There are 2 protein chains.
Amino acid sequence: MVVVNVDEGGAVTERNTEVEALPVGVAAAWGLRGRTGRGPKPVMSLERIVAAAVAVADVDGLAAVSMSRVAAELGAATMSLYRHVSGKEELLAHMVDAVFGMPPTVREDEDWRAGLTRRAWTLLSAWRTHPWALDVPIAGPPAMPHEVTWTEDALGTFRDTGLTDRERLSVLMLVSGYVRNQARLEAQVGEVGTNQPSYGALLRRLIDERAYPELNRLVSSGVLDDPDDADAEFSFGLDRVLDGIEALLRKRS
Amino acid sequence: MVVVNVDEGGAVTERNTEVEALPVGVAAAWGLRGRTGRGPKPVMSLERIVAAAVAVADVDGLAAVSMSRVAAELGAATMSLYRHVSGKEELLAHMVDAVFGMPPTVREDEDWRAGLTRRAWTLLSAWRTHPWALDVPIAGPPAMPHEVTWTEDALGTFRDTGLTDRERLSVLMLVSGYVRNQARLEAQVGEVGTNQPSYGALLRRLIDERAYPELNRLVSSGVLDDPDDADAEFSFGLDRVLDGIEALLRKRS
DNA sequence: GCCAGGAAGCGTATGACATACGCAGAAGCG
DNA sequence: CGCTTCTGCGTATGTCATACGCTTCCTGGC
């Protein structure tokens, strides 16, 4: 969490100001901070910096995203980035919001379940494409523009369901959290060792039948060995979540 | 993901070996790597290092956990840590497993729903006590001893439910993922700016009524202003998840 | 039109960090 | 007892984020 201001040197820095306190990157993302018009025309821009950083992360992972690496990708000097972004933390916040982009268009012919399902799949696709986003440290509540727009649109799918405002938001958080968690599990399993064909093979080396009878059975059944159909897994869990929401809606009508 | 081995100098290093490939920290955690008995009696130990690191993280957050900081807390030299841990990534893996510890004891008088509920609350408590654990980068599939034991015990709660092995695991991942996500949301909201009394106040500054009617209504209702009863929030979502699972069980019986 | 002020790019420098390498001494084994 | 193994740690290196300040470009205001 930083306070956003521009100092005497012109670089974007962090300072304690009564009126400007926002989570890192939020002011810039909402256009509350821009250039005055004076000075040389920038060759650089926040958008270009973010795009370069996302490209690095997509190829080499989050750990490869250093200010100097991003600058090198842009053919610029490291310190020039600081004219457009206050620091690495802000850059990361922009990167995450960038990869999720705008939500899918709202369709009036869909009921809440179909709407949420479609959104969940779109979200999952973004996580899968950019798994490094899972490792970006917590910076604050959802406040970046795309994030907020996803929430706004999704709240709309519950317009006529009888849920309270708080419940609608809670239900949304449940679904999007489920998507994130599935993406995380996929990323974890994707990190299985080079000499382990599967998660099952890994566990087989660690557990014994006496101490871990349930897992032993699971592992012996081969369930963890076959390359899971990640889509089916996702669907299964999503249906559980949506069934639970449906049970609530039934109570409300 | 590292390969675990001990090099000529005696420090724990990473090397490409056919037979020892395990996710970082797993071999050590399962006692597959220990000392031979030769050499001076160690003053240091993996357990002490991990405990010191957890203490630092609990007070100052994950970013404060540097090898030199942990060593300082132990009154030792930074490089001495490397005799017991291959690197920072391994240290982080041990830290996370340490804070979750052993799962609550299994109770035979509980049905699956009660059992899962109790476990969920215990898990949430650990996340709340150690929110830094949320920011530890993905290292591999769940393979650390405590983690595996939590899974084993929880699988037992579904023993006589008619679910397939794969379904049982999926359902477990759903619940534990829900807990993690709630902890994450709490941590995010806890990062609200110093000049924002609430998440609602933050959003109020960013959105306008025309573009964000749903959120505007939510914010105007004051729902996001009052200090949420986090426990009630958690309960609400957990019940949705468990209701969804219950719907599945009904189909299976 | 002029000029002061603001802004962009970036060179230089600093401190923090993770960890490689190797020395000295402690301890076990044959 | 000699040799091997292991522990603690000093020294060193490269990477990283970012503070500070210089030069040049450009605009807004008079």
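Colleague: How many residues surround DNA strand D?
Modeller: A residue counts when one of its heavy atoms lies within 4 Å of the strand. The closest are A:G37, B:T36, B:V43, B:R83 and B:H84. The total around DNA strand D is 30 residues.

Colleague: What kind of model is this?
Modeller: Residues are numbered from 1 along each chain as its sequence is written, while chains are lettered from A and ligands numbered from 1 in the order in which they are written. Side-chain values use heavy atoms, with hydrogens and water left out; local features need pLDDT of at least 70, side-chain atom pairs count only at pLDDT 80 or more, and totals for chains, interfaces and linings use all residues, as this is a predicted model.

Colleague: How far is the backbone of A:M67 from a phosphate oxygen of DNA strand D?
Modeller: Start with the polar contact: a pair of N or O atoms within 3.5 Å. Within protein, one atom must be able to donate a hydrogen and the other to accept it, and residues adjacent in sequence count only if both atoms are side-chain atoms. A:K41 brings a polar side-chain atom 3.2 Å from a phosphate oxygen of this strand. For a backbone N or O atom of A:M67, the distance is 2.8 Å.

Colleague: Which residue has a polar backbone atom 3.1 Å from a base nitrogen of DNA strand C?
Modeller: DNA strand C has 29 residues around it, with A:V43, A:M44, A:R83 and A:H84 among the closest. A:V43 meets a phosphate oxygen, its polar backbone atom lying 2.6 Å away. The base nitrogen is met by A:G39.

Colleague: What relation superposes chain B on chain A?
Modeller: The fit is by least squares on C-alpha atoms of residues with pLDDT of at least 70 in both copies. The rotation is 180 degrees, with 0.0 Å of shift along its axis and an RMSD of 0.0 Å. That is the relation of a two-fold axis.

Colleague: Which residue of chain B comes closest to the rotation axis?
Modeller: The copies meet through the same surface, because 100% of the interface residues of chain B are also interface residues in chain A. By C-alpha, the distance to the axis is 1.8 Å, and the residue is B:G244.

Colleague: How much of chain A is buried?
Modeller: Chain A has ten helices and three strands. These are DSSP runs, numbered from the N terminus: helices are H or I with at least four residues, strands E with at least two. Buried means under 20% relative accessible area, exposed over 50%, partly exposed in between, using a 1.4 Å probe and protein chains only. Of its 253 residues, the buried share is 55%.

Colleague: How many residues separate the salt-bridge partners A:R113 and A:D243?
Modeller: A salt bridge puts a side-chain nitrogen of Lys or Arg within 4 Å of a carboxyl oxygen of Asp or Glu. Here N and O are 2.9 Å apart. A:R113 is in helix α5 and A:D243 in helix α10, a separation of 130 residues.

Colleague: Which side chain of opposite charge is nearest to A:E152?
Modeller: A:E152 sits in helix α6 and touches residues of chain B including B:Y212 and B:P213, not counting residues up to four places away in sequence; contact means heavy atoms within 4.5 Å. Lys and Arg count as positive, Asp and Glu as negative; His and the chain ends are not counted. A:E152 is buried yet has no salt bridge. At 6.2 Å, the nearest opposite charge is A:R159.
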